[in-house]
Amino acid sequence: MRYAPTASPVLTLTTGPVDAYPAVLRGLATTVLYDYDPAFQATYQRVSEKLAGVVKAQTMPVILHGEPVLGLEAAAASLLGAGDVVLNLVSGVYSKGLEDWAKRSGAEIVELAVPYDRILDPADVARALEARPDVTVVSLCHHDTPSGTVNPVEAIGAVVRAHGALFLVDAVSSFGGMKVDAESSAIDLLVTGPNKCLGCPPGLSILGVSERAWAKMEANPTAPRGSILSILDWKEAWRADRPFPFTPSVAEVNGLEAAIDLYLAEGPENVWARHALTAKATRAGVTAMGLQLWAAEESFAAPTCTAVRTPAGIDEAALRAEARARYGVVFSSGRGETLGKLTRIGHMGPTAQPIHAVPALAALGGALSALGCRVDVGAGVAAALAAIDAG
Ligand SMILES: *Cc1c(COP(=O)(O)O)cnc(C)c1O
């Protein structure tokens with residue numbers, strides 16, 4: 001039996017877009033109100049207040065109305081200017097990608113990079129800042145998704161704070177799936193979105209902004225205004241009595257409220273724990289099958305994504321196509337420099353349930369076997385179940 005490429009898959013175990021929670025889909029299906037209707041304005045303020053409790057920035061969160069690339073580009077454009085020196089911490093495709101947006105602002109870029117299967121060391125960040133005391137902004141991607149590796153954001157945040165630079169963090173694929181917030185990691189501009197671990201469709205960016213970051217954006221003559229890239233324009237939009245700069249994505253905001261309600265009802269710690277256990281079971285299975293994790297050390301493999309090294313002689317695109325055709329299971333590829341070198345199993349939102357490790361491993365192992373690669377699927381599944389039972 002084969003699943004047609006044009007038919008919906010059985011299981012989407014990707015790293016974004018991810019399957020949405022049923023409650024989020026119901027939220028999206030709520031009647032679309034006029035954005036200036038007081039009922040919607042109240043919803044917008046309520047959603048912003050609920051977000052504030054989890055983003056934990058010094059000021060009210062900003063919602064931008066496009067998937068998180070909008071938030072990242074807007075952050076670079078708003079925060080950075082010609083006088084800035086940015087220390088860009090690179091451990092993967094997304095952190096490297098920030099450089100292009102940062103350059104556009106005229107800022108000087110200083111790079112501290114590690115191979116894409118490793119993570120940044122806070123001591124190296126401290127040394128880089130000692131060497132360049134003129135650094136004004138440090139940028140980091142918390143979980144560089146195309147590598148499935150997690151950087152020590154709290155420890156790096158402490159180093160950045162001690163130096164005095166502002167800390168810009170891409171927390172798109174970590175927020176909601178593991179502990180990260182502006183307060184505990186001293187983040188001045190946290191960029192995330194609901195379309196990864198919160199289990200919403202792609203459509204919004206969420207920003208947590210410190211007082212210092214607002215002051216810097218307000219003083220930046222090149223910070224966008226009257227633009228889809230303007231963060232400043234949306235500063236007061238959370239208040240029900242303030243105008244929106246343009247029409248917000250009403251349905252997406254309703255979906256986001258459903259997602260935050262779920263997140264708070266389950267309890268963030270419980271949500272993080274099931275992401276972590278799903279990843280742990282998957283990693284146990286991957287290694288028991290005889291495969292290798294992409295992360296050079298398991299200690300920094302992500303709880304929201306397991307990246308598996310492509311075995312020698314296997315075409316990674318053919319592997320994913322086989323898993324989809326044979327079992328109806330969809331995985332993510334690598335991106336940029338990691339494309340073709342690894343396959344990613346997402347554990348985000350509704351797919352972050354430990355039992356999903358079992359179909360993921362079965363589909364991955366079965367597809368590899370079909371392509372002539374010897375793997376012990378039974379051992380992988382048994383190891384995953386053992387990890388789940390022990391968890
Ligand atoms: C998903 C993601 C984004 C959003 O970017 P897309 O390429 O549009 O998916 C940004 N940063 C990280 C780390 C992400 O995982």
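**Notebook: strands, ligand and salt bridges**

I started with threonine 192, which stands opposite isoleucine 206 in β10. Before going on, I noted that this is a predicted model, where local features need pLDDT of at least 70 and side-chain atom pairs count only at pLDDT 80 or more, while totals for chains, interfaces and linings use all residues. Residues are numbered from 1 along each chain as its sequence is written, and side-chain values use heavy atoms, with hydrogens and water left out.

**Entry 1: threonine 192**

I placed threonine 192 in strand β9. For naming, helices (H or I, at least four residues) and strands (E, at least two) are DSSP runs, numbered from the N terminus. Is threonine 192 buried or exposed? Threonine 192 has a relative accessible area of 0%, so I put it down as buried. My cut-offs there: buried is under 20% relative accessible area, exposed is over 50%, and partly exposed is in between, with a 1.4 Å probe and protein chains only.

Next I looked up what threonine 192 touches, taking contact as heavy atoms within 4.5 Å. Beyond its neighbours within four places in sequence, threonine 192 is in contact with Pro68, Ala171, Val172, Phe175, Ser205 and Ile206. With Ala171 there is also a polar link: the threonine 192 side chain reaches the backbone oxygen of alanine 171 at 3.0 Å. A polar contact here is a pair of N or O atoms within 3.5 Å; within protein, one must be able to donate a hydrogen and the other to accept it, and residues adjacent in sequence count only if both atoms are side-chain atoms.

**Entry 2: the sheet around β9**

I then followed β9 outwards. Strand β9 (residues 189-192) and strand β10 (residues 205-209) pair in the antiparallel sense over four bridges; two strands pair if DSSP finds at least two bridges between them. Both belong to an open sheet of seven strands with mixed pairing, in the order β2-β10-β9-β8-β5-β3-β4. Which strands stand at the edges? They are β2 (62-64) and β4 (108-113); each has a single partner strand, so one side of each has no neighbour in the sheet. The twist from one strand to the next averages 20 degrees.

Two helices caught my eye here. Helix α3 (residues 69-79) lies across β2, β5 (137-141), β8 (166-170), β9 and β10, at about 160 degrees to β9. Helix α4 (residues 93-104) lies across β3 (85-90), β4, β5 and β8, at about 160 degrees to β3. For these angles, axes are lines fitted to C-alpha atoms, for helices over the stretch in contact, and angles run from 0 to 180 degrees between N-to-C directions.

**Entry 3: the second sheet**

I also checked an open sheet of three strands, which has antiparallel pairing and the order β11-β14-β13. Its edge strands, β11 (305-309) and β13 (332-333), each pair on one side only. Strand β11 is joined to β14 (residues 342-346) by five bridges, and valine 308 has threonine 343 in β14 as its bridge partner. Across β11 and β14 lies helix α9 (residues 268-288), running at about 15 degrees to β11.

**Entry 4: the ligand**

Which residues are around the ligand? I listed Glu67, Val69, Leu72, Tyr94, Cys141, His143, Thr145, Asp170, Val172, Ser173, Lys196 and Arg335, where near means that one of a residue's heavy atoms lies within 4 Å. Looking at polar contacts, I found a ligand oxygen 2.6 Å from an N or O atom in the glutamate 67 side chain. A polar side-chain atom of lysine 196 lies 2.7 Å from a ligand oxygen, and for the side chain of serine 173 the value is 3.4 Å.

**Entry 5: salt bridges**

I counted a salt bridge when a side-chain nitrogen of Lys or Arg is within 4 Å of a carboxyl oxygen of Asp or Glu, and the count comes to 27. Lysine 50 and glutamate 257 form one of them, with the closest N and O atoms 2.7 Å apart. Lysine 50 is in helix α2 (residues 38-55) and glutamate 257 in helix α8 (residues 250-266), so the pair ties together parts 207 residues apart in sequence. Lysine 50 is partly exposed at 22% relative accessibility, whereas glutamate 257 is buried at 11%. Both sit in a salt-bridge network with Arg46 and Asp261.

My last stop was aspartate 241, exposed at 53% relative accessibility. Its side chain meets arginine 239 in a salt bridge at 2.9 Å, N to O, and arginine 242 in another at 4.0 Å.
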